[in-house]
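Me: I'm new to this structure and would like a close look at one part of it. Could you pick a pocket and walk me through what surrounds it?

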Amino acid sequence: MARLAITVGNRRIGWGDRLSSSPMSSLQDLKCPGLDRERRVRALLGMAVNASTPQDVLLCLACDRRAAGAMALSRAGFPEGVAEALLSLGDREVTRNLAHNAATPVPIRWQLARDRDPDTRAAAAQGNITNGLGIPGATVPLNLLRELAGDPNPEVRARVAGNRFVPDEVRVWLAHDPDPQVREAVAGSRWQIPEPVYRRLLTDPDPTVRVKAISSWNPPPPADLHPALLADPATRREALPYVTLTAEQATALVAELINRLHRDQVPDADLAMVGTLVNHPDIPRAILEPLLDSPDPFARGMARSTMILRRDTPEPMRARLHAEFLGPNPDDKADLDDQQLDERWVAFEMGRLRLATAWMERWPLDWLKRAPVAERATYVDSPYPCFRRAVAAVGDLPEELEQRLLHDTDAEVRRIVVRRNHVLPEAAVERVIVECGNNHKIIPRLEDHPSLTVRAFERFAMAPEVRLRRIATHHRDLPPVLVARLAADPDASVRRGAAKHRNLPVALLPALLTDDDLDVVEAVGGNPGMPVTWMRELVATVPAPAPVQPVRPA
């Protein structure tokens, strides 16, 4: 159960207190607590990225190497002279961090683009582009990208090619670069690639470039290149989904792969080919069935799980294969030796992972995602969650079917519907968050849904589940009294969220600065309500900064 009160000085502040009108809310009544070295260091790190930290404090922090590194990498803006002070340190890590920071001022980025260190120059090519006028908060001017496109180091040129804002004419030029690393970056960039350039990359002499060019975000390769791409061992797997196979080609490909899978050491490329072949609609199921009993456990798990995903798999076979991945973990099989257990575990986990993520991939369930609405509707009640997830990801179903997916027994199906449908009622979104939790590996987060109001987060703040109280701290308008409640939470992750919240009552700052969890202390240092007088007191022992000359735009 969450603690409902927190001790500040001689006063006990708890649920229901009027914190905003309390005498303890006055800065004049608050004193910065004495901190041990560990907590002071963490508080300084928080202050280094705090948007409210004044220029004089930041200049002092620039003399502390750890704080300078954090400031250079993570600050969302630099007051005048601060970025210059960081650059003047001559510290290689701090300089690289500045180059990686999208908020680094344009004049400084020009200097970084001409640094002697190629890693720094490469980092300077990242980020959004501007009109080159030095607008505050701007990042990479177009002229800077054009200059770095001619850098002598291929890593720098590759980073320019990978910048999604780089002009197309620069990418076209880099597509002819002598270094394959640069051409590979061009091939992997998500842009409207001209067909002549696309053909050149698909037939590039370097296999890594050809493989990257045929990746899923580029258009389908031209039909006249299919035979060459299929014959090329480097591009065969990537080309297969686009190619129509003859019976002879299908038989030969499967037979060749089966022979290779019987070797002691099976290359990763061959293991990945298993799923591609089993998923191909032109390959008869009968000639694929030997792969289901492959001697390699990875290949076996991939083949069996992909067979479940095929459109033409008979229902009895699909049900039998699916049941294998729903049963007990193979570790429970006491009659197997260690090697057999290891192999069973690999096949088991490989198959489960394939089924769990197939809805996110392009090819395994492409046939279902592109099917007419009437056909997709028949899979809403499928006994296989992988199909229901794919249907939920596409949408455009009748309201009744959408509601059934929103109440699906599989938590991920419900989460998928919420992420996709931005007009759901708040109650529906809140229910899914409460019942299913959030998969933070997938963006967008459920708590960022536009239907959620601060009222939902107020209810999360009162929930018994730690994960819901943690989510409650994400809303910027959570009332101060609830932020105070969460700041007294027994779970450190909840206190961390409350400690950096903009509505944290200042009366709670002293207690949180001396929290047992050092991450909480750092979060308080980054709180916008941190008193400036405290900041100056905490940096008092940091050496005074050297004077810095302003940097002129290049």
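Reply: Helices here are DSSP runs of H or I with at least four residues, strands are E runs of at least two, and both are numbered from the N terminus. This is a predicted model, where local features need pLDDT of at least 70 and side-chain atom pairs count only at pLDDT 80 or more, while totals for chains, interfaces and linings use all residues. Residues are numbered from 1 along each chain as its sequence is written, and side-chain values use heavy atoms, leaving out hydrogens and water.

Let's go for the largest pocket (on a 1 Å grid over the protein atoms alone, an open set of points where a 1.4 Å probe fits, with protein on both sides within 12 Å along at least five of seven lines). Inside the largest pocket there is about 920 Å³ of space, counted as the space filled by probe spheres set on the points, with points joined across faces, edges and corners. Its lining (residues with an atom within 4 Å of a point) runs to 33 residues, and P241, T276, N279, W363 and P364 sit nearest the centre. By type, that lining splits into 15 nonpolar, 7 polar and 11 charged residues; nonpolar covers Ala, Val, Leu, Ile, Met, Phe, Trp, Tyr, Cys and Pro, charged covers Asp, Glu, Lys and Arg, and the others, Gly among them, are polar.

Which helices chip in? At least two lining residues each come from α15 (236–239), α17 (268–279), α19 (297–309), α21 (338–357) and α22 (366–369). The largest share, 4 residues, belongs to α17.

So let's zoom in on α17. Its 12 residues should span 16 Å at 1.5 Å a residue, and the end C-alpha atoms are 18 Å apart, which agrees; the expected span is 1.5 Å times one less than the number of residues. Most of α17 is covered, with 9 of its 12 residues buried (under 20% relative accessible area with a 1.4 Å probe and protein chains only; exposed is over 50%, partly exposed in between). Among the buried ones are T276 and N279, both of which you met nearest the pocket's centre. D270, L271, M273, V274, G275, L277 and V278 are buried as well.

Now for W363, another residue nearest the centre. The whole structure has 6 aromatic pairs (rings of Phe, Tyr and Trp, using the six-membered ring of Trp, with centres within 6.5 Å; planes under 30 degrees apart are stacked, over 60 edge-to-face, the rest tilted). In one of them, Y242 and W363 meet edge-to-face, 5.3 Å centre to centre with 90 degrees between the planes. This pair links distant parts of the chain: Y242 is in the loop between α15 and α16 (247–261), W363 is in the loop between α21 and α22, and 121 residues separate them. Y242 counts as buried because its relative accessibility is 14%, whereas W363, at 26%, is partly exposed.

For contrast, look at F457 and F460: their ring centres are 5.6 Å apart and their planes at 80 degrees, so this pair is edge-to-face too. Both lie in helix α28 (residues 454–461), 3 residues apart, about one turn of the helix, and both are buried. An α-helix has 3.6 residues a turn, so residues three or four places apart point the same way. Elsewhere, ring pairs join W367, Y379, Y384 and F387 into a cluster.
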